[in-house]
Every structure is written in C-alpha cells, then in structure tokens.
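I opened this model to look up how its strands pair, which charged side chains meet, and what surrounds a few chosen residues. The entries follow the order in which I looked.

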Amino acid sequence: MSFGLETHQNGLRVIDGGRRPDTPAGFHLQLPAAPRMGPAELAAELAELYALALVRDLPFELLQDPHCEIWIDASTHFTLHELLCELRSLSWFNDQALPFPGPVETVLCSRTVCGDADQRRGLRLNGDGQLTLRSLFRGVVAHRGPQIRLSTLHVTDRASCAETEPSTPPEADAPMSQWLGWIERCSGASLVQRGHAGQGQEAITTPRALVARLNASHPGRIYFNAALRLLGRRAPLDPGLEAALPGAVSAQSLLSMMAECAERAYTAAMRMQGRADRLSRPAVTAARITALLAREDQLGDSTSELAACAGELAVKTPHLLHWIDRMNRAQRGPRGEGPDMHLPSLHDDRPSHRADHVAKAVVAGALSTLLKAVFDSRRHARLRMVGSQGAGIDIGAEADRLAADVALARSVSGTFFQAENYRDLRLGEAIACHVLRRRLEAQGQSLSLGFSNFDGQLVDLAVHPRGAGGHATLRIDGRLAPWPMEAGRGGCHLAVV
C-alpha cells in the first residue's frame, strides 16, 4: 500500500511504495538455485561419497592415520593414504589438471560454469592447496582445529523415549516452564538436572554411528539440548548484547528465535524439494555411471556431461572404482559382468524416508549460526560444560563442527552431495541472519553481535535506533554487505513526486 510523506522543503509530497522507516523488516528470502556442477566437480563429489562409504566403519581416531589399512575382503585392502592419492588424482582437486576456459566455455571448468564452485573447492583443500585427510572429513565448513573429531556438543544430547509432535511454540515472553514443556514435546530435548549430567548417550565412534544417531533424533534436538546446557551454565552472551539493556536477549527470546529458525528452515527445505532444477540423487547418478561404464563406447561422447564424469572416474581413479566394485559384490553378490558402481547401502542405518534428511542441514545451519551469534563465540571465549573435563570448549568452533557433522552424516549415508550440503548450510545461515535482524530491529535499541560464518569470515551485525524501531546493518570482514539471500528491495524508493 502506498502512503504519503510531507517533506520539509517546498511541501513536496512523496508517494512511497516501500515500507516505513520505523517498521521492522519483513522476511523475504530468495531460495538459492541448485548447485551447478560440471563433470570434474561431479566426479569429485561422487568419488568422495565412494570414499566415505569405504571408511564408514572406521573409528574417527583412526581416520587421521594415513597408514591405517581397510580390508574389504580377504584379498582386497588399501590404506587411507592410497585412498587419498586416488582422490587427489582427480582434476577437481588438482590445479594443474583443471582446464582453463577457452573460446568456448567448457563444462570441465569450475570458474566459468559452477558459480560458487571455487568456494566449494577451496574449502576442500588445505592452506597449500592440497586435499588432506583432515580437509576431506572437514566437509564444507571452514571450522578450526587440526584434529578429525566430532563436536563436543554431542555430549549435551540426550535421547528421549517420547514421540515428538509438532505444535505452536509459546510466546517469546512466556514462562520458562512452558518453553521447557514445548521443547521436550516437539524435539525431545530436556533440561539436565544437577547431578544427572553424566547420563548422556554412548559416544559416537564411527561415521556409521553418527548417521544412526542423527537419523534417530529430531533435527533440532541436539541444538535445544546444547542451548539449555549453555543457559544452565550461564554462558556469557556476545559482548555487544551484554553491553545493551538487561534482558535484551533472554533465555525465552533465544528459544523463541531457535523455534522460528527451525520452522523457517524446515519450510525452506521442503520448498527446495519442489524446484524444477533440483539435482538427481547420488544413488541415481551412481547407477547411471554403472550403466555407462558397462558400455565403454558411450564414454567418448563429448556432448554428455555424465559420460565425461564417468570417463574422469575411469581414467583417474581406477583403484577406487575397483574397491567399490569389490565392496558391492561382498555385500550383495555379483550382479552382471561389468563393474558395480552403485553407492554401497547402509541397510538399516538409512532413514525411513529421504525427507528425514532433507531439512537437517538447513536446520543445522540456522541453529549453529544462532548459537554462534548470541553466545560469546570469540576465539578466546571458552566454557566448561556440565560433566566435561579440561579447560573448556570454544562455542563457535563446536557449533561449526556440529553443522559439519550433520552434513557429513548426509554424505556418509549417500543421500546428498557435499555441494548440496554447502548450499543448505548457507541457506540456514541466511535464515538465522534474517531472524536476528527482524527480532533485534523490533527492540529499537543499540545492539551488536559478531561471529564467524561457515566460510571463516567475520560477520558483524549492528542495530541502531531509528524511529520506533531500529535499523540493522551487516558487515563481513569489516565491509558493509547485503543481507544474504535477500529477495527484492529492503528499503523505500521514490515512486512519485
């Protein structure tokens, strides 16, 4: 609706089509397109899923040992170093092997075709531009730490025997007892009573166990359990929030923002599944690769991206394909005369429906970002968790690791490519930023908070009073930046004078 504004000069009347300056921003999110992957990246993505299938029963502490041997059957075995060398031979992980764009755009070139592909590729490599065991299992999150391990926040997760059921969350200023009841009813999370901190679940030792744990839990349960544990330990909030008026972000308002983020993340994830440009599932792609490898006459088809992907795998990673073939034959028996390149099944550890995995990464991206933003996640800030030993944890690093763990579980199960994990985590990150913006602008007071995003950049969100509300700005690495994935205009524009 248009409205009139009387100016102070010459009595000009402005008919404006945007929102009033003193009203909070609406929630207008532009859903990202599906990742555009050329054959080089698709071959690397599929090879990575093959590699994760081969090591899914290996304990996490052994994944750092390049000399660790993996046996498939009595005559087939290899080391992690040999597996890493197979992946490094792919063009996607080798700068010298990646083709440069020529007069005609080539489908093998990352820089001309794949959009965010350079960023996705950079996260897979270390500082020297090499794929390592650590960067392989780190996934698409630039979290810190030299070790291959899971997030410490897993120790805060507690299983619930009750069935979860969706319901409308309480108001942001509702009593804490209502919020605790809603959280337990909807996600299975619960507040840990003093003296019962050690009654958590068994430790997660292998990638397969990680998949089983996350498949059996509500997407938001571990995050609500972590938030309740942090609130119970009186974890310090971000210094910019602590400096504001008391109660600027209460326990109830944090839980309310988490509930809104989780709901918006789930809605966005479901909408993404209805897009016409969505990718084929990895299992479907692997089945097509199997069919192509069985007919070598089709591998030379220069017009087929899938044929180019199959040719890349056949030429650059013959040992990896042999190991996958032997693993499939050991599990399911011989099927046909050609190599069996289907993704090895997890059997009972797979979700009952693929929709069970759809929203997990988006929810993880949103709730990890919210924890990093609200609590003090600066590098020197460390907190002792209930029942933990040692100097404490870095909330920001552990929230990043937890998001990476969720993405890793989706890839280990073979249901999503890492490129999709990259997109979904950043979609969740954008949702959290917009929820924070809208909630903090409505308070109309000076506030600020900062955190590191999933790309390792420093994000600063500041709110300045304006009229009856506030105006929020976003800076990334010190520079003003647009709000991520924002759709349409955010402010007023001059329509008629």
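**Entry 1: the sheet**

I began at Ser452, whose bridge partner in strand 6 is Leu458. This is a predicted model, in which I accept local features at pLDDT of at least 70 and side-chain atom pairs only at pLDDT 80 or more, while totals for chains, interfaces and linings use all residues. Residues are numbered from 1 along each chain as its sequence is written, and side-chain values use heavy atoms, with hydrogens and water left out.

I take helices (H or I, at least four residues) and strands (E, at least two) as DSSP runs numbered from the N terminus, and I call two strands paired if DSSP finds at least two bridges between them. Strand 5 (residues 447-452) pairs with strand 6 (residues 458-466) in the antiparallel sense over six bridges. The two form a hairpin with five residues between them, and Gly456 in that turn has a positive phi of about 85°.

Moving on along the chain, I found strand 6 joined to strand 7 (residues 469-476) by eight bridges, again in an antiparallel run. His464 stands opposite His471 in strand 7. This hairpin has two residues between its strands, with Gly467 in the turn at a positive phi of about 65°.

Strand 7 is in turn joined to strand 8 by two bridges, antiparallel as well, and there Arg475 stands opposite Leu480. I therefore draw the four strands as an open sheet in the order 5-6-7-8 with antiparallel pairing. Its edge strands are strand 5 and strand 8 (479-480), each of which pairs on one side only.

**Entry 2: salt bridges**

How many salt bridges does a search of the whole structure find? It finds 21, where a salt bridge is a side-chain nitrogen of Lys or Arg within 4 Å of a carboxyl oxygen of Asp or Glu.

One of them joins the side chains of Asp57 and Arg208 at 2.6 Å, N to O. This pair links distant parts of the chain, with Asp57 in the loop between helix 1 (39-54) and strand 3 (69-73) and Arg208 in helix 7 (residues 207-215), 151 residues apart. For accessibility I use relative accessible area with a 1.4 Å probe on protein chains only: buried is under 20%, exposed is over 50%, and partly exposed lies in between. Asp57 is partly exposed at 48%, and Arg208 also counts as partly exposed, at 21%.

I next looked up Arg326 and Asp73, whose side chains meet in a salt bridge of 3.0 Å, N to O. Arg326 belongs to helix 13 (residues 318-332) and Asp73 to strand 3, so the pair ties together parts 253 residues apart in sequence. Arg326 has a relative accessibility of 28% and counts as partly exposed.

The side chains of Arg332 and Asp340 form another salt bridge, at 2.7 Å, N to O. Here Arg332 is partly exposed at 32%, whereas Asp340 is buried at 3%. I also noted a network of salt bridges that links Glu260, Arg264, Arg438 and Arg439.

**Entry 3: a buried arginine**

I then turned to Arg138, which is found in helix 5 (residues 133-138). Arg138 is buried yet has no salt bridge, and the nearest side chain of opposite charge, that of Glu48, is 9.4 Å away; in this count Lys and Arg are positive and Asp and Glu negative, with His and the chain ends not counted. What lies 2.3 Å from a polar atom of the Arg138 side chain? I found the backbone oxygen of Leu123 there.

**Entry 4: Leu31 and helix 1**

Leu31 is found in the loop between strand 2 (13-16) and helix 1, and Leu31 is buried, with a relative accessible area of 9%. Counting contact as heavy atoms within 4.5 Å, and leaving aside neighbours within four places in sequence, I list Ala268, Arg271, Met272, Arg275 and Leu427 as in contact with Leu31. The C-alpha atoms of Leu31 and Ala269 are separated by 9.2 Å, although these residues are 238 apart along the chain.

Of the 16 residues of helix 1, 16 are buried, so this helix is largely enclosed by the rest of the structure.

**Entry 5: the whole chain**

I closed with the totals for the protein chain, which has 17 helices and nine strands. Of its 497 residues, 51% count as buried. Among the contacts with a separation of 6 or more, 69% come from residues 24 or more positions apart.

Note on methods: A polar contact is a pair of N or O atoms within 3.5 Å; within protein, one must be able to donate a hydrogen and the other to accept it, and residues adjacent in sequence count only if both atoms are side-chain atoms.
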